[in-house]
Amino acid sequence: MLNIAFGQSKYYVDNLSENVKRGLRQKVRRGEQSGQAPTGYLNDKLNKKIIPDVERFRLVRKMFELYATGNYSLKDTRNLLAQKGLVSKNGKVLTVSNTQMILKNPFYYGMFLFNKELYQGKHEPAISKKLFDKCAEVSARNAHPMKRGINKHVFRGLMKCAECGCGITSEVQKGHTYYRCTKKKGICAQKYVREEFLAEQANNIIKKVSLSSEWKEFMLAELDKEQASSFHSDELFVQNLKNQIKSVEETLDRLLDAHLDSTITSEEYIAKKQKLLNQKIDFSEKLKDFERKGNRLLELS
Ligand SMILES: [Zn+2]
């Protein structure tokens, strides 16, 4: 008797967990998000949706665009946006850390984080993932100012000294980049050169190189050929992207099943899912970009 009772309760528990799983799956797939809408969005309480807050939505996008240029610090970005009138829902100017939180929130490219887990949302994205990634790059670069120095030596490694054949090295002095011969082979009379001067020399050399008319004909013919075959390859390209998106979606489903069956740990699930969702967004954006470009070409012709 006891056995039967246990058996029944096991049946009941199994069934319950199946139902819980199903409910969870459905909720996840619907992309439902509850809670406060982030800056730039509003809670549409009637329809239980999160919708763009038109003016702030535009300004938040502007924030990403400005920061992505790499020309503005977090504080500069915050100040510029404050000038344009971006304030929180309580009418307060955003703090620098508010600004940073916005720039790091995947919500703006159509996802949302819930209990540290990334989900695909149903709300309208304010920006592309491409722009979001660009901001993350800028942020990483600003956090390591040493890396910025690399850009200050654009000609390094490209040249040899005309007099002695040694490599050219560079250094920054009082905000200017100087290049000089390493003089490793001994005596060489060459002095320092400022980068601006070097750039001018390089420019003059490049100007002298021009395309011969034969070469031009050849290139034009090649371009024609390419255009002719591009219709076919466009189709393949689009189909390929669609297949990749589908395959990521299938992997996501299997991943969720594995997680619900406790085959993988929560940490593994969350990490893999985040990677897959971001991949999916990348493919979808590529597809959208491509379709937009295709439409423009059709309009032009
Ligand atoms: Zn030299």
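Let's start with the loop between β6 (176-181) and β7 (193-194), which is where K183 sits; helices here are DSSP runs of H or I with at least four residues, strands are runs of E with at least two, and both are numbered from the N terminus. K183 is not a glycine, yet its phi is positive, about 55°. Its relative accessible area is 33%, so K183 is partly exposed; on this scale buried means under 20% relative accessible area, exposed means over 50%, and partly exposed is in between, with a 1.4 Å probe and protein chains only.

A quick word on the source, before I go on. This is a predicted model, so local features need pLDDT of at least 70 and side-chain atom pairs count only at pLDDT 80 or more, while totals for chains, interfaces and linings use all residues. Residues are numbered from 1 along each chain as its sequence is written, and side-chain values use heavy atoms, with hydrogens and water left out.

K183 has company in its backbone angle. S262, in the loop between α8 and α9, is another residue other than glycine with a positive phi, near 60°. With a relative accessible area of 60%, S262 is exposed. Then there is K174, which takes a positive phi near 50° in the hairpin of β5 and β6, where two residues lie between the strands.

Staying with that hairpin, strand β5 (residues 168-173) and β6 run antiparallel and are joined by six bridges; for two strands to pair, DSSP has to find at least two bridges between them. If you want a place to look, E171 stands opposite Y178 in β6.

Now to the metal. Which residues hold the zinc ion? The protein donors are the SG atoms of C161, C164, C181 and C188, lying 2.3 Å from the ion. Donors are N, O and S atoms within 2.8 Å of the metal (3.2 Å for Na, K and Ca), and since water is not among the atoms, sites may look incomplete. Along the sequence, the donor residues follow the spacing C-x2-C-x16-C-x6-C. The site is tetrahedral, with angles of 95 to 117° among its four donor atoms; four donors earn that label if all angles lie between 85 and 135 degrees. For reference, the ideal angle for four tetrahedral donors is 109.5 degrees. One of the donors, C161, is buried, at a relative accessible area of 8%.

While we are on cysteines, how many disulfides does the structure hold? Zero, taking a disulfide as a pair of cysteine sulfur atoms within 2.5 Å. C135 is also a buried residue, with a relative accessible area of 1%.

C135 takes us to helix α5, whose buried residues are K129, L131, F132, C135 and V138. The helix has 15 residues and reaches 21 Å from its first C-alpha to its last, close to the 21 Å expected at 1.5 Å a residue; that expected span is 1.5 Å times one less than the number of residues.

On to salt bridges, meaning a side-chain nitrogen of Lys or Arg within 4 Å of a carboxyl oxygen of Asp or Glu. The count comes to 11. In α5 (residues 129-143), D133 and K129 are four residues apart, about one turn of the helix, and their side chains meet in a salt bridge at 2.9 Å, N to O. K129 is buried at 5% relative accessible area, whereas D133 is partly exposed at 30%. Salt bridges also link K129, D133 and D282 in a network.

Another pair, E55 and R58, forms a salt bridge at 2.9 Å, N to O. These two are three residues apart in helix α2 (residues 54-68), separated by about one helical turn. An α-helix has 3.6 residues a turn, so residues three or four places apart point the same way. Both partners are partly exposed: E55 at 43% relative accessibility, and R58 at 44%.

For my last example, what are the partners of K280 and E249 like, buried or partly exposed? K280 counts as buried at 13% relative accessibility, while E249 counts as partly exposed at 35%. Their salt bridge has its closest N and O atoms 3.3 Å apart. This pair links distant parts of the chain, with K280 in helix α9 (residues 266-300) and E249 in helix α8 (residues 213-260), 31 residues apart.

Notes. Tetrahedral: all angles 85-135°; square planar, octahedral: opposite > 155°, others 65-115°.
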